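Student: Got a minute to walk through this one with me? I'd like to start with the terms, then go to the details.

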Amino acid sequence: PPAPTNPNGIPKPKPLVSSTHEWKRLQHHATDVISPSHLRTMIQDPTRCSSMYATHDGVYFDYSRQQATLETMDLLFDLAEKRELTQRIQGMFNGEKINFTEDRAVLHTALRASK
């Protein structure tokens, strides 16, 4: 189904991310799992360290040095999926109006465009 729109045809913004179930799960995880944990202990887990990385176009991203777990990453991915982050990023690159508070496209990519 199409997204609800304002009278001027612009899609209504979604509720604040902090009101979602996924955000609340992430908050509880941060309080119950992450806060009591120390990074020094986390980086001693070889399974965690060998799983907490990504590569893209020859760039290596090491997440193991962050105070996060595999569960943290899963919760973040769930939140990103629920908020349609991939589609929003694509909309930004396409120049779509995704800044609903100012009723315009964001210009982040324009600042980095070649001349």
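Tutor: Terms, then. A residue is exposed when its relative accessible area is over 50%, buried when under 20%, and partly exposed in between. One caution: this is a predicted model.

Student: Which residues of α1 are exposed, by that cut-off?
Tutor: His21, His28, Thr31 and Asp32 are exposed, on the other side of α1 from the buried ones.

Student: And which ones are buried in α1?
Tutor: Glu22, Leu26, His29 and Ile34. They span an arc of only 60° around the axis, so they sit on the same side of α1.

Student: What covers them?
Tutor: The cover for the buried residues of α1 includes α2, residues 39-42, and α4.

Student: How does the length of α1 check out?
Tutor: It agrees with expectation. Helix α1 has 14 residues, 21-34, and at 1.5 Å a residue it should span 20 Å. Its end C-alpha atoms are 18 Å apart.

Student: Zoom out. What elements does the chain have?
Tutor: Five helices and two strands. From the N terminus the order is α-α-α-β-β-α-α.

Student: How much of the chain is buried?
Tutor: 20% of its 115 residues count as buried. The chain exposes about 9000 Å², and carbon and sulfur atoms supply 57% of that.

Student: What share of the contacts is long-range in sequence, 24 or more positions apart?
Tutor: 44%, taken among contacts with a separation of 6 or more.

Student: Switching to charges. How many salt bridges does a search of the whole structure find?
Tutor: One. The side chains of Arg25 and Asp78 meet at 3.8 Å, N to O. The pair links distant parts of the chain, with Arg25 in helix α1 and Asp78 in helix α4, 53 residues apart.

Student: Why would such side chains pair at all?
Tutor: Side chains of opposite charge can pair when their charged atoms come close.

Student: Is that pair buried or exposed?
Tutor: In between. Arg25 is partly exposed at 37% relative accessibility. Asp78 is partly exposed too, at 33%.

Student: Now loops. Where is Ser64?
Tutor: In the loop between β2, residues 59-62, and α4, residues 70-82.

Student: Why does Ser64 count as buried?
Tutor: Because its relative accessibility is 2%, and the cut-off for buried is under 20%.

Student: What does Ser64 touch?
Tutor: Leaving aside neighbours within four places in sequence, Ser64 contacts Leu39, Ile43, Arg48, Cys49 and Met52.

Student: Back to the surface. Which residues make the nonpolar patch of about 240 Å²?
Tutor: Val59, Phe61 and Tyr63. Val59 is in strand β2. Its relative accessible area is 41%, so Val59 is partly exposed.

Student: Last topic, backbone. What is phi for Asp57?
Tutor: Near 50°, a positive value in a residue other than glycine. Asp57 lies in the loop between β1, residues 53-56, and β2. With a relative accessible area of 71%, Asp57 is exposed.

Student: Why flag a positive phi?
Tutor: Because most residues other than glycine have a negative phi.

Student: And what about phi of Glu84?
Tutor: Positive, about 55°, although Glu84 is not a glycine. Glu84 lies in the loop between α4 and α5, residues 85-93. At 35% relative accessibility, Glu84 counts as partly exposed.

Definitions and conventions. Residues are numbered from 1 along each chain as its sequence is written. This is a predicted model: local features need pLDDT of at least 70, side-chain atom pairs count only at pLDDT 80 or more; totals for chains, interfaces and linings use all residues. Side-chain values use heavy atoms; hydrogens and water are left out. Helices (H or I, at least four residues) and strands (E, at least two) are DSSP runs, numbered from the N terminus. Buried means under 20% relative accessible area, exposed over 50%, partly exposed in between (1.4 Å probe, protein chains only). Contact means heavy atoms within 4.5 Å. Accessible areas come from the Shrake-Rupley method with a 1.4 Å probe; for residues, only the protein chains shown count as cover. Patches are made of residues with over 30% relative accessible area and no salt bridge: like charges are joined within 9 Å, nonpolar side chains (Val, Leu, Ile, Met, Phe, Trp, Tyr) within 5 Å. A salt bridge is a side-chain nitrogen of Lys or Arg within 4 Å of a carboxyl oxygen of Asp or Glu. The expected span of a helix is 1.5 Å times one less than its number of residues. The arc is that of the directions from the helix axis to the C-beta atoms.
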